Amino acid sequence: MGETSLVLEQLWRKLKKDEEQYYQSAAKYCFLAEGLRSPTSKAIKIRANLLQKDFRQKNPLFTTPITFRAKKLEIEQAWDTLCNDERRYYYSLAVYRLFIGGIQNPTNRQVDEEINRLSHIYLKKTILLGSPLSVTELKCLELASFGKGVTETAFILELSESSIKNQRSTACQKLKAINLLEAIFYATWIGYLPIKEKLISPQLFEEEGIENALL
């Protein structure tokens, strides 16, 4: 029993460490994207705390005047760091939740399944900071949410089927979704798509106490 408690405490400490790093990376990315290369550690901490409460927080918290425009490479590197930290955080969160659920030595598949489940509870938050969907990408997702296939969507939008496939693929990449259904879920959760009666039903998750749109 004592050994189990010790492992649980170690997992908890790792989870909190990864969580802190994750939100600090998100704060740094926001500052860089908004034009502040070297925010103070205090500003980063405040921004990270705000993001942890509401990831869509727009308050820039600038402490110095904006004097530069970040290079594309700088933004991409900050984004890669954020995505890596997010993956590490989700992994630690999944392992911790499996452990307290009685699975002390989970397989990779069990961890992956838990991460996928968690992404529908907490949402992969990097998508809220990513590139916005284009009008065509949005139309493709909206038609897909109504059950329209590639051929029918191509006819409606007067585009080629290959173009529709590319638009769907790009939308999935922007939303960090592993498939089209997950992309529709994320787009609906963020507010791109309306909740459609009978197609998407709201369900209240106890962990968050918020309404998520589930397929």
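Which helices each supply at least two residues of the lining of the second largest pocket? They are α3 (72-100) and α4 (108-119). The model is predicted, and its protein chain holds eight helices and two strands. This briefing covers the overall layout, the pocket, the nonpolar core, and several single residues.

**Overall layout**

- From the N terminus on, the elements run α-α-α-α-α-α-α-α-β-β, with the helices ahead of the strands.
- The protein chain has 215 residues, and buried residues make up 39% of them.
- Among contacts with a separation of 6 or more, 64% link residues that are 24 or more positions apart.
- One example of residues apart in sequence is the pair arginine 13 and serine 92, with their positions 79 residues apart in the numbering and a C-alpha to C-alpha distance of 9.8 Å.
- Arginine 13 belongs to helix α1, and it is exposed because its relative accessibility is 57%, over the 50% cut-off.

**Second largest pocket**

- The volume of this pocket is about 280 Å³.
- Its lining consists of Cys83, Glu86, Arg87, Tyr90, Ile115, Asn116, Ser119, Lys124, Thr126, Lys176, Ile178 and Glu182.
- Helix α3 gives the most to this lining, with four residues.
- By class, five of the lining residues are charged, four are nonpolar and three are polar.
- Cys83, one of the lining residues, counts as buried because its relative accessibility of 11% is under 20%.
- Lys176 is also in the lining; this lysine sits in the loop between α7 and α8.
- Lysine 176 is partly exposed, since its relative accessible area of 27% falls between the 20% and 50% cut-offs.

**Largest nonpolar core**

- This core has 49 residues, of which Phe55, Leu141 and Leu175 touch the most other members.
- At least two core residues come from each of α1 (2-34), α2 (41-53), α3, α4, α5 (135-145), α7 (161-174) and α8 (180-190).
- Helix α3 supplies the largest share of the core, eleven residues.
- Apart from neighbours within four places in sequence, leucine 141 is in contact with Leu133, Ala171, Leu175, Leu180, Ala183, Ile184, Ala187 and Leu193.
- In soluble globular proteins, nonpolar side chains tend to be buried together.

**Serine 25**

- Serine 25 is part of helix α1.
- With a relative accessible area of 6%, serine 25 is buried, because that value is under 20%.
- Leaving out residues up to four places away in sequence, serine 25 touches Thr81, Leu82 and Asp85.

**Positive phi values**

- Most residues other than glycine have a negative phi.
- Leucine 123 has a positive phi, near 70°, and is not a glycine.
- Leucine 123 is located in the loop between α4 and α5, and it is buried because its relative accessibility is 1%, under the 20% cut-off.
- Lysine 176, a residue other than glycine, likewise has a positive phi, near 55°.

**Cysteines**

- The structure contains zero disulfides.
- Cysteine 172 has a relative accessible area of 12% and is therefore buried, the cut-off being under 20%.

Methods: Residues numbered from 1 in each chain as written. Predicted model: local features only at pLDDT ≥ 70, side-chain atom pairs only at ≥ 80, totals over all residues. Heavy atoms only, no water. Disulfide = S-S within 2.5 Å. Buried < 20%, exposed > 50% of the residue type's maximum accessible area, 1.4 Å probe, protein only. 1 Å grid on protein atoms, 1.4 Å probe; cavity = no way out; pocket = protein on both sides within 12 Å on 5 of 7 lines; lining within 4 Å. Points joined across faces, edges and corners; volume = space filled by probe spheres on them. Nonpolar A, V, L, I, M, F, W, Y, C, P; charged D, E, K, R; others polar. Core = buried A, V, L, I, M, F, W, Y, C linked by side-chain atoms within 4.5 Å. Contact = heavy atoms within 4.5 Å.
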